[in-house]
Amino acid sequence: MSVVQRPEGPLKPDTEPREGSKVLWTDFARELVPNLVDHPDKKLYVMSPCCGLDTPYLAFRAAGIGVESFAYDTEEKLRPAVIEAHGGAQGVVIDKEKGDICKLFLSSLPACEFVCAGPPCPPFSRSGVKGVWCDKRTDPLAQTMLTIKQQALRDDSRLLGFVLENVKGMVDRRLMEDGTRKSPLDEIK
């Protein structure tokens, strides 16, 4: 697997965030798995730690791709919206304890074909503290990366790829202690 950054063009800028986001994700979903588009009998198994509103799941569905999703998050006020989007609570775990990717046993997670996550972005934002890896809120990103690695290395691995969604600050190069300039994305690679 290689890291692919989705270019900003030719898609329209997010003047209308919901519509712009939907277009971007739906087009991206079609590019990721073109052989599954409009084949509802085939299912794509997607894990979404730090699911938020689970935009990847909605995009796969909007692209005509059948999805079996396992969504995890700690933000309990998202529960009704995510359950409605999924058409029920099966595979959805939104709970301060059980939905916390940092507290889950990775080996207990089901095998999946894609990991799609949107870990907290404030540590990488271009505004604010810019704490990057010193910020405790990066723990879910580190755990998500371990989840991806675990999915790739397990005996019954089906992992085809992963999508990590975050802010533009993830690609900003910063001066490191050793004098080099790296972005958080460079460090993940």
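Which residue follows helix 3, and what is the sign of its phi? Helix 3 is followed by Gly-87, whose phi is positive, near 70°. The tour returns to that helix after the overall fold.

**Before selecting anything**

The model is predicted: local features need pLDDT of at least 70, side-chain atom pairs count only at pLDDT 80 or more, and totals for chains, interfaces and linings use all residues. Residues are numbered from 1 along each chain as its sequence is written, and side-chain values use heavy atoms, with hydrogens and water left out.

**The whole chain**

Display the protein chain as a cartoon. It contains 5 helices and 7 strands, where helices (H or I, at least four residues) and strands (E, at least two) are DSSP runs numbered from the N terminus. Along the sequence the pattern reads α-β-α-β-α-β-β-α-β-β-β-α. Of the 189 residues in the chain, 39% are buried; buried means under 20% relative accessible area, exposed over 50%, and partly exposed in between, with a 1.4 Å probe and protein chains only. Among contacts (heavy atoms within 4.5 Å) between residues at least 6 apart in sequence, 59% join residues at least 24 apart.

**The sheet**

Select the open sheet of 5 strands, whose order is 3-2-1-4-5 with parallel pairing. Two strands pair if DSSP finds at least two bridges between them. At the edges are strand 3 (92-94) and strand 5 (161-164), each of which pairs on one side only. Neighbouring strands are turned by 15° against each other on average, direction ignored; axes are lines fitted to C-alpha atoms, for helices over the stretch in contact, and angles run from 0 to 180 degrees between N-to-C directions.

Next, select strand 1 (residues 43-49). This strand is mostly covered, with 5 of its 7 residues buried. Strand 1 runs parallel to strand 2, and 7 bridges join the two. One place to look is Lys-43, whose bridge partner in strand 2 is Gly-66. From strand 1 the chain passes through helix 2 (residues 55-62) to strand 2 in a right-handed β-α-β crossover. Right-handed here means that, with the strands pointing away from the viewer, the path from the first strand over the helix to the second runs clockwise.

Strand 1 also pairs with strand 4 (residues 114-117), in the parallel sense and over 2 bridges. Show Val-46 with its bridge partner in strand 4, Phe-114, and then Met-47, which stands opposite Val-115 of strand 4.

**Cys-50 and Ser-69**

Move to Cys-50, in the loop between strand 1 and helix 2. Its phi is near 55°, a positive value in a residue other than glycine. Most residues other than glycine have a negative phi. Cys-50 counts as buried because its relative accessibility is 11%.

Ser-69 lies in strand 2. At 4% relative accessibility, Ser-69 is likewise classed as buried. Not counting residues up to four places away in sequence, Ser-69 touches Val-46, Ser-48, Asp-54, Tyr-57, His-86, Gln-90 and Gly-91.

**Helix 3**

Select residues 79-86. Helix 3 lies across strand 2 (66-73) and strand 3, and runs at about 175° to strand 3. Val-82, Ala-85 and His-86 are the buried residues to colour here. Viewed down the helix axis, the buried residues fall within an arc of 95°, so they line one face of helix 3; the arc is that of the directions from the helix axis to the C-beta atoms. These buried residues pack against helix 2, strand 2 and strand 3. On the face turned away from the buried side, find the exposed residues Pro-80 and Glu-84.

**Lys-136 and helix 4**

Select Lys-136, in the loop between strand 4 and helix 4. Lys-136 is exposed, with a relative accessible area of 64%. To place it against another residue, draw the C-alpha to C-alpha distance to Pro-123: the two are 8.5 Å apart in space and 13 residues apart in sequence.

End at helix 4 (residues 139-153). At 1.5 Å a residue, its 15 residues should span 21 Å, which agrees with the 21 Å between its end C-alpha atoms; the expected span is 1.5 Å times one less than the number of residues. The buried residues of helix 4 are Pro-140, Leu-141, Gln-143, Thr-144, Thr-147, Ile-148, Gln-150 and Gln-151.
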